[in-house]
Amino acid sequence: NNKEFEINPSSDVVRAGDSKELTLAFTPKSIQKYDMVLVVNIVDVGEDMLSLPIKAEAKAPVVVIDPG
């Protein structure tokens with residue numbers, strides 16, 4: 001899987017007045033800052049109906065080697 005962001009479920013049906021929970025998984029492929037927007041499109045209604053900002057930062061882990 002080469003996606004850095006994965007949304008689950010990627011599509012679903014939400015009836016008027018209902019709500020749905022989704023999961024956004026972040027698996028960075030490089031060390032960098034992310035400043036993006038998650039856009040919600042509604043079939044037969046319109047695109048960009050909802051925009052949610054996503055900010056993340058991938059950092060290198062600190063590694064300590066103990067020669068023992």
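**Entry 1: the pocket lining**

I started with the lining of the largest pocket, and S3 gives it the largest share, five residues. Worth noting at the outset that I am working on a predicted model.

I then looked up which strands take part. Strand S1 (5–8), strand S3 (33–42) and strand S4 (46–57) each put at least two residues into that lining.

Next I wanted the volume. The largest pocket holds about 750 Å³ of space. It is lined by 21 residues, and Ser11, Asp12, Leu22, Val40 and Asn41 are the ones closest to its centre.

What is the lining made of, by residue class? I get 13 nonpolar residues, three polar and five charged.

**Entry 2: salt bridges**

How many salt bridges does a search of the whole structure find? The search gives me two.

I took Asp12 and Lys20 to begin with. Their side chains meet in a salt bridge, at 3.5 Å from N to O. Asp12 has a relative accessible area of 47%, so I put it down as partly exposed, since exposed would need over 50%. I also have Asp12 in my notes from the pocket, among the residues closest to the centre.

The other pair I looked up is Asp35 with Lys55, again a side-chain salt bridge, with 3.5 Å from N to O. Asp35 sits in strand S3 and Lys55 in strand S4, so this pair ties together parts that lie 20 residues apart in sequence. Buried or exposed, these two, Asp35 and Lys55? Both Asp35 and Lys55 come out as exposed.

**Entry 3: a nonpolar patch on the surface**

I went over to the surface and found a nonpolar patch of about 430 Å². Its members are Ile42, Val45, Met49, Leu50 and Leu52. Which element gives the largest share of this patch? I find that S4 does, with three residues.

I checked one member, Ile42, on its own. Ile42 belongs to strand S3. Its relative accessibility is 38%, so I log Ile42 as partly exposed. Why can Ile42 be in a patch at all? Patch residues need over 30% relative accessible area, and Ile42 passes because it has 38%.

**Entry 4: Glu6**

Last lookup of the day was Glu6. I find Glu6 in strand S1, one of the strands I had listed for the pocket lining. With 34% relative accessible area, Glu6 is partly exposed.

I also took the spacing from Glu6 to Lys59. Their C-alpha atoms are separated by 19 Å, and the two residues are 53 apart along the chain.

Methods. Residues are numbered from 1 along each chain as its sequence is written. This is a predicted model: local features need pLDDT of at least 70, side-chain atom pairs count only at pLDDT 80 or more; totals for chains, interfaces and linings use all residues. Side-chain values use heavy atoms; hydrogens and water are left out. On a 1 Å grid over the protein atoms alone, a cavity is a set of points where a 1.4 Å probe fits but cannot get out, and a pocket is an open set with protein on both sides within 12 Å along at least five of seven lines; lining residues have an atom within 4 Å of a point. Grid points are joined across faces, edges and corners, and a volume is the space filled by probe spheres set on the points. Helices (H or I, at least four residues) and strands (E, at least two) are DSSP runs, numbered from the N terminus. Ala, Val, Leu, Ile, Met, Phe, Trp, Tyr, Cys and Pro count as nonpolar, Asp, Glu, Lys and Arg as charged, and the others, Gly among them, as polar. Patches are made of residues with over 30% relative accessible area and no salt bridge: like charges are joined within 9 Å, nonpolar side chains (Val, Leu, Ile, Met, Phe, Trp, Tyr) within 5 Å. Accessible areas come from the Shrake-Rupley method with a 1.4 Å probe; for residues, only the protein chains shown count as cover. A salt bridge is a side-chain nitrogen of Lys or Arg within 4 Å of a carboxyl oxygen of Asp or Glu. Buried means under 20% relative accessible area, exposed over 50%, partly exposed in between (1.4 Å probe, protein chains only).
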